[in-house]
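User: I would like a close look at one part of this model. Please start from a single residue and work outward to its surroundings.

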Amino acid sequence: MQNRSIVPIGIIGLIVIGFTIAGFFLLEIERVTVNIWAISFLLFSQLALFAGLIGIRATNNKHNNVFLKAGITTSLFLYFVITLISVLFAGRFSDNLNLFILIELAIIAVFAIIIISVLAWSRSIARRNEADLAKVGTNEPKRGGF
């Protein structure tokens with residue numbers, strides 16, 4: 001059952017990546033260095049988005065699934081959108097390619113930190129929930145002192 005649920009995500013990902021590559025070549029976009037870097041970062045963000053969506057389908061019970069899935073999905077989608085916006089303005093960086101690459105690497109770094117934080121918090125939330133569930137039905141003090 002788990003493998004069947006990731007197949008549509010993978011197919012959609014391949015279609016989106018294929019469409020992006022086809023659009024780059026069919027729209028006759030200038031083959032300048034900044035545009036090559038822009039399409040590379042855009043393809044990387046699409047690959048990260050769909051690989052992340054497939055990856056969260058295979059999560060285990062050591063994480064708080066609601067927080068994990070909502071946080072990772074939102075972070076990956078925002079990463080893709082911000083990368084897409086920065087790629088649309090890539091032409092402004094034709095004079096300074098290094099600045100464009102630095103901005104893209106900063107975007108990757110920020111969202112990598114966000115995703116790692118979501119993973120850590122979802123695991124700690126799951127541990128606290130397990131501890132609270134273990135206290136149910138006992139006279140042990142619960143969180144909050146009630």
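What does T83 count as, buried or exposed, and at what relative accessibility?

Analyst: The model is a predicted one, and every value below is computed from it. T83 counts as buried, because its relative accessibility is 0% and the cut-off for buried is under 20%. The residue is part of helix α3.

Its surroundings come next. When neighbours within four places in sequence are left aside, T83 is in contact with F41, L42, S45, E104 and I107. F41, L42 and S45 also belong to the set of α2 residues that make the contact with α3, and T83 itself is in the α3 set. E104 and I107, the other two partners of T83, have numbers that fall in the range of α4 (97–135).

The α2–α3 pair is therefore the setting to examine, and its geometry can be stated in two values: the helices pack at an angle of about 170 degrees, and their axes are 9 Å apart. An angle over 145 degrees counts as roughly antiparallel, so α2 is roughly antiparallel to α3. On the α2 side the contact is made by A38, F41, L42, F44, S45, Q46, A48, L49, G52, L53 and I56. On the α3 side the residues are K69, I72, T73, L76, F77, Y79, F80, T83, L84 and V87. By class, this contact has 15 nonpolar, five polar and one charged residues.

Q46 is another member of this contact. Q46 is placed in helix α2, and its relative accessibility of 3% means that it counts as buried. Apart from neighbours within four places in sequence, Q46 is in contact with V16, I17, T20 and F80. Of these partners, F80 is listed on the α3 side of the contact, while the numbers of V16, I17 and T20 fall in the range of α1 (2–26).

I72, also on the α3 side, leads to the nonpolar core. The largest nonpolar core has 21 residues, and L49, L53, I72 and F100 touch the most other members. The elements that give two or more residues to this core are α1 (2–26), α2 (33–56), α3 (65–88) and α4 (97–135). α2 supplies the largest share, nine residues. In general, nonpolar side chains of soluble globular proteins tend to be buried together.

Beyond four places in sequence, I72 is in contact with I56, I115, V118 and L119. I115 is found in helix α4. With the same neighbours left aside, I115 is in contact with I72, S75 and L76. The C-alpha atoms of I115 and S75 are separated by 6.7 Å, although the two residues are 40 residues apart along the chain.

L88 gives a contrast to T83. L88 has its place in helix α3, but its relative accessible area is 65%, so L88 is exposed. L88 and A38 are 50 residues apart in sequence and 8.4 Å apart in space, C-alpha to C-alpha.

The chain as a whole gives the context for these residues. Its secondary structure comes to four helices and zero strands, and the elements run α-α-α-α from the N terminus on. Of its 146 residues, 29% count as buried. Among contacts with a separation of 6 or more, residues 24 or more positions apart account for 71%. The accessible surface comes to about 9700 Å², and 70% of that belongs to carbon and sulfur atoms.

One backbone detail outside the helices is left. E28 lies in the loop between α1 and α2 and has a positive phi of about 50 degrees although it is not a glycine. With 67% relative accessibility, E28 counts as exposed, whereas T83 counts as buried at 0%.

Notes: Residues numbered from 1 in each chain as written. Predicted model: local features only at pLDDT ≥ 70, side-chain atom pairs only at ≥ 80, totals over all residues. Heavy atoms only, no water. Core = buried A, V, L, I, M, F, W, Y, C linked by side-chain atoms within 4.5 Å. Buried < 20%, exposed > 50% of the residue type's maximum accessible area, 1.4 Å probe, protein only. Contact = heavy atoms within 4.5 Å. Areas by Shrake-Rupley, 256 points an atom, 1.4 Å probe, with all protein chains shown as cover. Axes fitted to C-alpha atoms, helices over the stretch in contact; angles between N-to-C directions. Parallel < 35°, antiparallel > 145°, perpendicular 65-115°, else oblique. Nonpolar A, V, L, I, M, F, W, Y, C, P; charged D, E, K, R; others polar.
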